[in-house]
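Ready for a little practice at reading a fold? Have the model open, try each exercise yourself, and then check the worked solution.

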Amino acid sequence: MKLPKKLYINNFFFFALIGVGFIYCFAFMFPALYNAAGYVLLMLLAFLVLDILILFAAKTGIDGTRIAPEKLSNGDENPVGVHIKNYYTFPIGIKIIDEIPEQFQVRNFEIKRKIKASSQDDIQYYLRPTERGEYVFGNLNIYVISPLKLVSRRFTFDKNQMVPTYPSYIQLRKYDLMAFSNNLFQYGVKKIRRIGHTMEFEQIKEYVQGDDIRTLNWKATAKKNSLMVNQFQDEKSQSIYMAIDKGRVMKMPFNGLSLLDYAINATLVLSNVILKKQDKAGMFAFSKRVENRVVAEKRSSQMHQILESLYNIKTDFFESDYSRLYADIKKNINHRSLIILYTNFETLDSLHRQLPYLKGIAKSHLLVVVFFQNTELNEIINSKAVTVQEVYDKVIAEKFAFEKRLIVNELKKYGIYSVLTQPENLTLDTINKYLEIKARGIL
């Protein structure tokens, strides 16, 4: 029950006070009851005043701070901390009501704790955002309850704290650490035997025992009058572009995130792997036009540019224009590159409408089309059908799943690589495909 600002009375105590007051007012015809009610009422009021004095005697009873990350990681569990200092000389009970950003639609957030006298405590909870953008926290409200538990005092901290939500940098850190420890295979990243060689000339040097005699440079040998060989190194500075379809087909939700956000998270992680492999990473997004472009480079600031571009990608709900995509790639990417296209085809007809443009891109570049399995259909296929309706649903689901496999075969006919994956496996599957292409020297 709310009293003057920052003072709240225990509901049970409030109703007890009202009940005794009511008896006191209307029990004057019964002197014994009247007198007893008066004594009880005075005692309750005395306890109330005492509790108020206990809580409000100290100007600064507690201090609270919300410890939010500098930015939230989209699709991940992000820790948010609350640090509390108790300046009271007695133990207190607290109730934390943090005003969570409206995107989470949380209306019953509450944490209760007890804190010892003149001590401090750290409390942590987790938030999982499902869309990029700005998240604004409201007040951090902390209600302090004295040992008498009759009233509580509200303290307010950290009003209107804004935290941006970026693509999943937590995944980025995880795979970065995995690459550093050289244990990627433990997490599903495959080791692929190198069967091709993509070599570029480095220098001419004198022959030493053990050099490959097939690399002898006869012209240099004649000039120097000693055996000279060409030295090669693995070509590393290959250009890799991630093209993200931000049209309406990528707005399909899965586990709270859209397919677009899965593609954005995978692009961020894959860009980091590409740069670690000494290749050039670039990206762009497209729908009615090509936007959010980052030219493929391997500069130290490249990851920051890619992160900022991914943060600003928003769908326009249009049908994507693949003719514009083809024309833009032809105009702006002049040398052979690996282009990883994140999109989604549900039927063979939807692929055939865009196939001429995909074939045009594949003539000049190595194209990998990444699209998604419908996990809800997989659940229907794997479930046991009992009723006629369930049998019908299962047949339709198998038909759509079969069309997805037909799309893979159709792309393969024209030399276009593909990755058909579940949304939760997108990052690993695209990393594996990139490593496979590197290992086999296909690019």
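**Exercise 1.** At what angle do helix 9 and helix 10 pack, and how far apart are their axes?

*Solution.* Keep in mind that this is a predicted model.
- Start with helix 9, residues 375-382, and helix 10, residues 388-413: they pack at an angle of about 130 degrees, and their axes are 9 Å apart.
- Angles over 115 degrees but not over 145 count as oblique, so helix 9 is oblique to helix 10.
- As for handedness, these two helices cross in a left-handed way.
- Now find who touches whom: helix 9 brings Leu 377, Ile 380 and Ile 381, while helix 10 brings Asp 393, Lys 394, Ala 397, Glu 398, Phe 400 and Ala 401.
- Sort that contact by class and you get six nonpolar residues, three charged ones and no polar ones.

**Exercise 2.** Work out the order of the three strands in the open sheet, and find which strands stand at the edges.

*Solution.*
- The order is 2-4-7, with antiparallel pairing.
- Strand 2 (62-67) and strand 7 each have a single partner strand, so they stand at the edges, with one side of each lacking a neighbour in the sheet.
- From one strand to the next, the twist averages 15 degrees.
- Next, look at the bridges: six join strand 2 to strand 4, and eight join strand 4 (residues 78-86) to strand 7.
- To spot single pairs, see Ile 67 opposite Gly 81 of strand 4, and Val 80 with its bridge partner Tyr 125 in strand 7.

**Exercise 3.** Which side chains of strand 7 are buried?

*Solution.*
- Walk along residues 120-127 and watch the side chains alternate.
- Asp 121, Ile 123, Tyr 125 and Leu 127 point to one face and are buried.
- Gln 120, Asp 122, Gln 124 and Tyr 126 point to the other face and are not buried.

Notes: Residues are numbered from 1 along each chain as its sequence is written. This is a predicted model: local features need pLDDT of at least 70, side-chain atom pairs count only at pLDDT 80 or more; totals for chains, interfaces and linings use all residues. Side-chain values use heavy atoms; hydrogens and water are left out. Axes are lines fitted to C-alpha atoms, for helices over the stretch in contact, and angles run from 0 to 180 degrees between N-to-C directions. Helices (H or I, at least four residues) and strands (E, at least two) are DSSP runs, numbered from the N terminus. Angles under 35 degrees count as roughly parallel, over 145 as roughly antiparallel, 65 to 115 as roughly perpendicular and the rest as oblique. A crossing is left-handed if the near helix is turned anticlockwise from the far one by less than a right angle, and right-handed if clockwise. Contact means heavy atoms within 4.5 Å. Ala, Val, Leu, Ile, Met, Phe, Trp, Tyr, Cys and Pro count as nonpolar, Asp, Glu, Lys and Arg as charged, and the others, Gly among them, as polar. Buried means under 20% relative accessible area, exposed over 50%, partly exposed in between (1.4 Å probe, protein chains only). Two strands pair if DSSP finds at least two bridges between them.
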